[in-house]
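Work through the exercises below with the sequence and the coordinates open. Each task is followed by a solution in steps.

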Amino acid sequence: MAGKIGGVQTKCKEQNSNIKYIHCYAHCLNLALDDSVCDKSKNSKRNKLVFNFFGIIQFTYNFIESSAMRHAILEKISKDVEIKLLTLKSCSITRWACRAEAVKSVLNDYEVLLLAIEEICESSSVPEMCAKGMGLKQNIKFSIFFETKKNELKITVYNQLLDELISGINSRFNQEIVQLVQAVASMIRLDTTPVMISILSNFANVPVEKLQSEIKLLKYLPATDDWQTKWICLQKFHLIALAIHVHEKQ
């Protein structure tokens with residue numbers, strides 16, 4: 001359609017040079033949606049759910065339709081269970097409207113496909129083909145269709161979000177970080193133990209002896225309820241600098 005050499009737009013311009021070619025708005029929208037949810041970049045951290053979904057749809061078509069024998073098994077089981085099949089469609093890149101038809105056919109033939117793939121795996125004498133069939137069955141059985149919209153959102157959105165939140169909490173508040181926070185708190189209270197001093201020394205690259213001597217000196221300062229005075233004392237003995245360093249490193 002858009003080809004500059006032999007496309008439809010070129011043929012039309014041969015008849016009328018004033019004709020302007022405008023790309024199909026529906027196709028532009030489809031391309032934008034495809035790029036937003038089906039990012040093919042190897043370095044992309046985007047959710048691959050839709051990308052993988054269409055991959056399974058296409059693999060289902062390739063697995064069944066690339067062999068007359070496997071297609072015949074599908075037809076046979078369809079007659080046995082009395083379910084009318086819809087012709088499986090390929091997820092064409094150029095004919096982008098075919099994707100809806102491809103998904104519709106797999107959804108309609110779902111039960112027959114599961115039975116057919118199971119029979120193909122049992123009767124196949126090729127280990128590679130059997131392994132592909134078993135993998136495909138697992139994918140279309142657990143990864144594509146859901147009984148209710150609630151189950152779909154639970155699996156594809158809620159569970160994934162919860163997993164990311166828990167992973168983030170675990171990485172930010174692991175045992176090492178918790179010990180470091182406790183060590184800073186004990187330092188501010190001037191109630192440190194050798195273990196806490198060792199943690200602070202290793203983290204801030206401050207000699208243990210220097211850190212111990214500064215804390216001891218601070219303990220002998222006159223007691224005061226003036227928080228501003230306490231803050232100045234911490235600055236004088238570089239302890240506040242250590243606390244800021246700990247905060248910035250987080």
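## Exercise 1: the residue after α4

Just after α4, E82 takes a positive phi of about 60°. The model is a predicted one.

**Task.** State where E82 lies, and decide whether E82 is buried or exposed.

**Solution.**
- Step 1. E82 belongs to the loop between α4 and α5.
- Step 2. The phi of E82 is positive, about 60°, although E82 is not a glycine.
- Step 3. The relative accessibility of E82 is 73%. Exposed means over 50%, so E82 counts as exposed.

## Exercise 2: length and sides of α4

**Task.** Check whether the end-to-end distance of α4 agrees with the expected span, then assign its buried residues to a side of the helix.

**Solution.**
- Step 1. α4 has 14 residues, and at 1.5 Å a residue it should span 20 Å. The expected span is 1.5 Å times one less than the number of residues.
- Step 2. The end C-alpha atoms of α4 are 20 Å apart, which agrees.
- Step 3. The buried residues in α4 are R70, I73, L74, I77 and S78. They lie on the same side of α4, because the arc they cover around the axis is only 135°.
- Step 4. An α-helix has 3.6 residues a turn, so residues three or four places apart point the same way.
- Step 5. A68, M69 and K79 are exposed, on the other side of α4.
- Step 6. The N-terminal end of α4 is capped by S67, with a side-chain oxygen 3.3 Å from the backbone nitrogen of M69.

## Exercise 3: the nonpolar cores

**Task.** Find how many residues the largest nonpolar core has, which helix supplies its largest share, and what L74 touches.

**Solution.**
- Step 1. The largest nonpolar core has 24 residues, and those with the most contacts inside it are I64, L74, L113 and I140.
- Step 2. At least two residues of this core come from each of α3 (49-65), α4 (68-81), α5 (98-108), α6 (110-123) and α7 (127-142).
- Step 3. α6 supplies the largest share of this core, eight residues.
- Step 4. Not counting residues up to four places away in sequence, L74 touches I64, L85, L88, V112, L113 and A116.
- Step 5. There is a second, separate core of 11 residues, and I197, I199, L200 and F203 are among them.
- Step 6. In soluble globular proteins, nonpolar side chains tend to be buried together.

## Exercise 4: α3 and the aromatic pairs

**Task.** Compare the end-to-end distance of α3 with its expected span, list its buried residues, and classify the two aromatic pairs of the structure.

**Solution.**
- Step 1. With 17 residues at 1.5 Å a residue, α3 should span 24 Å; the distance between its end C-alpha atoms is 24 Å, which agrees.
- Step 2. F54, I56, I57, Q58, T60, F63 and I64 are buried in α3.
- Step 3. The structure holds two aromatic pairs. In the pair F53 and F54, the ring centres are 5.3 Å apart and the planes are at 80°, so this pair is edge-to-face.
- Step 4. The pair F59 and F63 is tilted, with 6.3 Å centre to centre and 35° between the planes.
- Step 5. F59 and F63 are four residues apart in helix α3, which means that about one helical turn separates them.
- Step 6. F59 has a relative accessible area of 32% and is partly exposed, whereas F63, at 3% relative accessibility, counts as buried.

## Exercise 5: T10 and A185

**Task.** Give the helix and the burial class of T10 and of A185.

**Solution.**
- Step 1. Helix α1 (residues 8-15) contains T10. T10 counts as buried because its relative accessibility is 15%, and buried means under 20%.
- Step 2. Leaving aside neighbours within four places in sequence, T10 is in contact with G3, K4 and I5.
- Step 3. A185 is in helix α9 (residues 175-188), and at 31% relative accessibility A185 counts as partly exposed.
- Step 4. A185 and M196 are 11 residues apart along the chain, and their C-alpha atoms are separated by 9.7 Å.

## Exercise 6: the whole chain

**Task.** How many helices and strands are in the protein chain, and what share of its residues is buried?

**Solution.**
- Step 1. The protein chain has 13 helices and zero strands.
- Step 2. Of its 250 residues, 28% are buried.
- Step 3. Among contacts with a separation of 6 or more, 49% are between residues 24 or more positions apart.

Conventions
Residues numbered from 1 in each chain as written. Predicted model: local features only at pLDDT ≥ 70, side-chain atom pairs only at ≥ 80, totals over all residues. Heavy atoms only, no water. Buried < 20%, exposed > 50% of the residue type's maximum accessible area, 1.4 Å probe, protein only. Contact = heavy atoms within 4.5 Å. Core = buried A, V, L, I, M, F, W, Y, C linked by side-chain atoms within 4.5 Å. Arc of directions from axis to C-beta. Polar contact = N/O pair within 3.5 Å; in protein donor to acceptor, adjacent residues only side chain to side chain. Phe/Tyr/Trp six-rings, centres within 6.5 Å; stacked < 30°, edge-to-face > 60°.
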